Amino acid sequence: MKFLCIGCLHGKLPKKALKLAKKVDAIFCLGDLPDTSFLRNLEFKHWKKITNVKNRDNIEEEYFSLLTPKKWREVYAGLSNSIKNILITLNRINKKVFLVLGNSDFTYGEKQSLVKSLDLPKKVLSTQEIIRKYKLNNIKLLISDSIILKNILILGHSGYRGPSYKGVIKDVS
């Protein structure tokens, strides 16, 4: 079997990867789908402010205070749209795509936390919701799951968060 392994796409799927995808039996996508350039620039611009927080549990509160709730809603709408575009493109290749989520992928759990604190609009979809809504049947999301391909056991874990992540994003409005 031939596999194509891709990851850290950050909103861009190289044409060479699309070309190679036609020659493989399956694709493994290691996450980090959305274009996070805005967030990366924001973090570097405010690096000292974010990292000089006395109580490490308050890092996310400091981070979310950098923008207004309205601007955060726009950012998450952009991330969601970016994920959707990558997933639709991967699905159209017509090969089985096994996806694990990276640290920049927008999960259903994160969305639920943000709905409460930022009043996210319904059009902002998590990765899981995008796969369901657009019936992306060639994409199999592996979250603490496994598959067997031709006697090869493949384990998918999904996601990573830094040591300060508690699973809850505080209301900063």
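In the predicted model, strands E5 and E6 form a hairpin in which 2 residues lie between the two strands. Within the turn, Lys150 adopts a positive phi of about 50°. Strand E5 comprises residues 145-149 and strand E6 residues 152-156; the two run antiparallel and are joined by 5 bridges. Across this ladder, Ile148 stands opposite Leu153 of E6.

A separate set of 4 strands forms an open sheet with parallel pairing, in the order E1-E2-E3-E4. Strands E1 (3-6) and E4 (139-141) occupy the edges, each pairing on one side only. From one strand to the next, the twist averages 20°. Strand E3, which spans residues 96-99, pairs with E4 in the parallel sense over 3 bridges; Leu99 has Leu141 in E4 as its bridge partner. Helix H5 packs on the sheet and touches E1, E2 (26-29), E3 and E4. The direction of H5 makes about 125° with that of E4.

In general, nonpolar side chains of soluble globular proteins tend to be buried together. In the present model, the largest nonpolar core contains 43 residues. The residues with the most contacts inside this core are Ile6, Trp72, Tyr76, Leu87, Leu90 and Leu99. Helix H5 (residues 69-92) supplies the largest share of the core, with 9 residues. Apart from this core lies another, of 8 residues, which includes Ala26, Phe28, Leu142 and Ile154. For Trp72, when residues up to four places away in sequence are not counted, the contacts are Leu39, Leu42, Tyr63, Phe64, Leu67 and Leu118.

Helix H5 also contains a polar residue, Asn91. Asn91 counts as buried because its relative accessibility is 14%, below the cut-off of 20%. The side chain of Asn91 reaches the backbone nitrogen of Asn137 at 3.4 Å, a separation that lies within the 3.5 Å limit for a polar contact. With residues up to four places away in sequence again not counted, Asn91 touches Lys135, Leu136, Asn137, Asn138 and Ile139. Of these residues, Ile139 falls in edge strand E4 (139-141), one of the strands that H5 touches.

Notes. Residues numbered from 1 in each chain as written. Predicted model: local features only at pLDDT ≥ 70, side-chain atom pairs only at ≥ 80, totals over all residues. Heavy atoms only, no water. Core = buried A, V, L, I, M, F, W, Y, C linked by side-chain atoms within 4.5 Å. Buried < 20%, exposed > 50% of the residue type's maximum accessible area, 1.4 Å probe, protein only. Contact = heavy atoms within 4.5 Å. Pairing = 2+ DSSP bridges. Axes fitted to C-alpha atoms, helices over the stretch in contact; angles between N-to-C directions. Polar contact = N/O pair within 3.5 Å; in protein donor to acceptor, adjacent residues only side chain to side chain.
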